[in-house]
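Welcome! Here is a short tour of how two chains meet and of a sheet in one of them.

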Amino acid sequence: MQTNKPCNFSTVEFDINNIYNEKIFNSFYSVIPFFTYQLKLNSINIHSQLKFLLKIIIKYKIKNIWLNFSSFKECLKLLPKIKIFKNILNLKLAINCQEYSNIQIQKYILRLYTKLQKLRFNNLSLRLYKNISNYNEAINLIKNTSKKFFIKNFYKISLCFFLNNNPFNIINFYHLIISKNYLLPKINLHIEYKTKLSLIENSILFSLKFLNLILDKCSIMSKIKYENEDNFNNTFLDTLEILRSLEFNNIPGVYFISCPTCARCKINVIKIANNIYNKIKLINYPIKVAVMGCEVNGPGEAIHADIGLAGTKFGAIIFQKGKVTEKLNTTEKLEDIFYERILNFLNASQT
Amino acid sequence: MQVKRKLTRKVKVGNLIIGNGNPIIIQSMCINDPKNYNLVIDEIKRLEEAGCQIIRIGIPDESSAKNISKIKNAINIPLVADIHFDYKLALIAIDEGVDKLRLNPGNIKNKDHISKIVEAAKKRNIPIRIGVNSGSVPKELLQKNNNIITPNILVEAALYEIKLLEEQNFYDIVISLKSSSPIITINAYRLISQICNYPLHLGVTEAGILKTGQIRSSIGIGILLFEGIGDTIRVSLTDDPINEIIVAKQILNTIYQPTSL
């Protein structure tokens with residue numbers, strides 16, 4: 001089980017158009033370069049897409065980008081336009097292969113490779129997305145891409161299979177393929193569901209992948225569906241929270257714990273917790289913050305936090321690094337006081 | 001993906017059965033104090049309508065305990081009394097007709113007191129949940145473990161209490177081992193499911209507000225359910241308890257969705 005291990009950020013992928021938010025990217029600047037991003041290119045607005053991409057790559061020092069094409073034809077057509085990235089990125093091309101048979105895929109890849117050579121692209125990685133209705137179809141594609149031609153001429157090959165309906169079936173299937181040694185070292189499996197998943201489904205999918213060492217080298221895309229797109233709902237932030245909850249030791253930001261409140265509660269935990277969380281959710285520094293309602297679990301949890309608040313009969317107590325640092329005899333302005341203590345704690349920790 | 005449930009002992013709670021492959025039961029906990037029993041009744045009715053199947057209420061003192069029968073008579077789902085520190089509150093709760101007790105080995109430790117609770121529970125066929133929580137692990141155990149919370153000490157705390165209950169021939173036990181860390185939670189429940197076959201009440205405690213709580217509960221509860229571990233679940237959210245029911249249902253739907261391959 002993961003405890004105190006670093007997360008390999010390059011295995012986590014996002015749609016750059018979907019998650020880009022200047023405030024969030026600026027807050028978590030230190031880790032942005034290490035994730036992998038995808039950009040779906042189409043001929044209609046390719047210029048503005050590439051302009052946007054170039055800007056982001058340079059500003060945030062992004063290293064890993066998959067350029068996604070809806071078909072081989074589209075890819076061949078648009079290749080000359082992506083020449084500007086030749087020396088900036090290790091080029092990764094992802095192609096949707098739904099309509100193609102394995103033989104057609106092979107022919108197209110040969111064409112693609114020839115064109116890439118003409119345009120002098122080197123060190124290319126290739127990803128193929130394929131729908132399958134049975135496991136044998138996937139095994140066949142794996143066998144085809146294991147041939148010498150692919151292994152010799154591409155830096156990495158990534159395969160993504162879409163199984164019908166249930167996103168968790170793919171986890172079992174990949175586990176089976178990898179444990180039976182069907183894959184060569186250069187071939188990677190990528191976990192991605194065709195449509196966006198709910199936050200709950202995404203959390204479980206990530207857990208199934210990251211808690212299984214056999215799937216260690218698999219990449220996984222985070223695609224979250226929200227009922228409303230607003231400031232509280234951001235795939236990047238929520239994915240960081242998933243990774244934080246999986247206890248990787250290199251995730252920036254706040255690990256926030258708070259109790260669900262009950263009859264014993266002496267303070268308005270719901271209000272205080274939500275307000276405090278919204279104020280601190282873009283803090284980059286990794287700290288554990290606790291907001292607890294009473295003396296049953298309050299001190300116990302607050303002690304394990306970097307800084308915690310626990311409600312008492314008369315007000316609240318504040319803990320820092322396991323020790324009581326303040327006893328408050330009132331619940332007035334509790335969240336303002338606690339927020340100030342958190343900021344002071346951060347300032348002291350960062351100097 | 002077919003989930004193979006681990007078969008556990010059957011425990012009857014009111015008119016429901018927890019364990020032994022019976023459908024996973026969704027629980028929640030009231031935010032109001034039973035002193036204000038009308039508020040609690042309204043809250044429970046709202047939760048019942050949303051799909052809550054068992055409800056727990058905190059019993060901070062005697063005046064709260066003495067309103068249990070008023071609440072019990074006004075609701076439809078089984079009622080659990082959450083008891084901490086004072087064993088006499090458990091005795092009052094039992095007298096008042098509660099359907100189940102939750103005891104915390106971290107704060108009711110006197111063997112004599114526990115024995116009195118068990119005797120009273122036995123007489124009325126009331127099951128007991130031994131609810132271990134990472135925020136209130138018995139101090140002696142924590143100190144023995146260099147003040148570090150591990151799955152092992154959560155399990156140890158539960159096993160000690162189970163032994164006390166079994167010594168009195170009491171077996172209507174449900175177990176919970178909640179930590180604020182989904183990973184410790186998962187490991188603790190995996191461990192105890194190999195040691196004994198009492199039904200398990202799953203949950204990640206202090207999971208935070210709606211956003212963080214959904215994520216941590218999905219991870220902690222979801223992974224265990226996939227492994228066939230768990231018989232009842234409670235999602236803890238620093239939010240309206242209605243959302244605990246909604247999230248719990250979503251987790252169950254995610255795990256038990258139909259497979260096509």
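## Where chains A and B meet

A salt bridge of 2.8 Å, N to O, joins the side chains of B:Lys211 and A:Asp238. The term stands for a side-chain nitrogen of Lys or Arg within 4 Å of a carboxyl oxygen of Asp or Glu. This is a predicted model, in which local features need pLDDT of at least 70 and side-chain atom pairs count only at pLDDT 80 or more, while totals for chains, interfaces and linings use all residues. Residues are numbered from 1 along each chain as its sequence is written, chains are lettered from A in the order in which they are written, and side-chain values use heavy atoms, with hydrogens and water left out.

The table gives an overview of the interface, where contact means heavy atoms within 4.5 Å and buried area is the accessible area (1.4 Å probe) that two parts lose on being put together, summed over both.

| Feature of the A and B interface | Value |
|---|---|
| Residues in contact, chain A | 53 residues |
| Residues in contact, chain B | 61 residues |
| Buried area | about 4500 Å² |
| Buried area from carbon and sulfur atoms | 61% |
| Salt bridges | two salt bridges |

## The sheet of chain B

In chain B, eight strands (DSSP E runs of at least two residues, numbered from the N terminus) make an open, parallel sheet in the order S8-S7-S6-S5-S4-S3-S10-S9. Strands S8 (173-178) and S9 (201-202) of chain B are at the edges with a single partner strand each, so one side of each has no neighbour in the sheet. Further in, S3 (residues 25-29) and S10 (residues 232-234) of chain B pair over three bridges; pairing requires at least two bridges found by DSSP. B:Ile25 has B:Thr232 as its bridge partner in S10(B).

Notes. Helix = DSSP H or I, 4+ residues; strand = E, 2+ residues; numbered from the N terminus.
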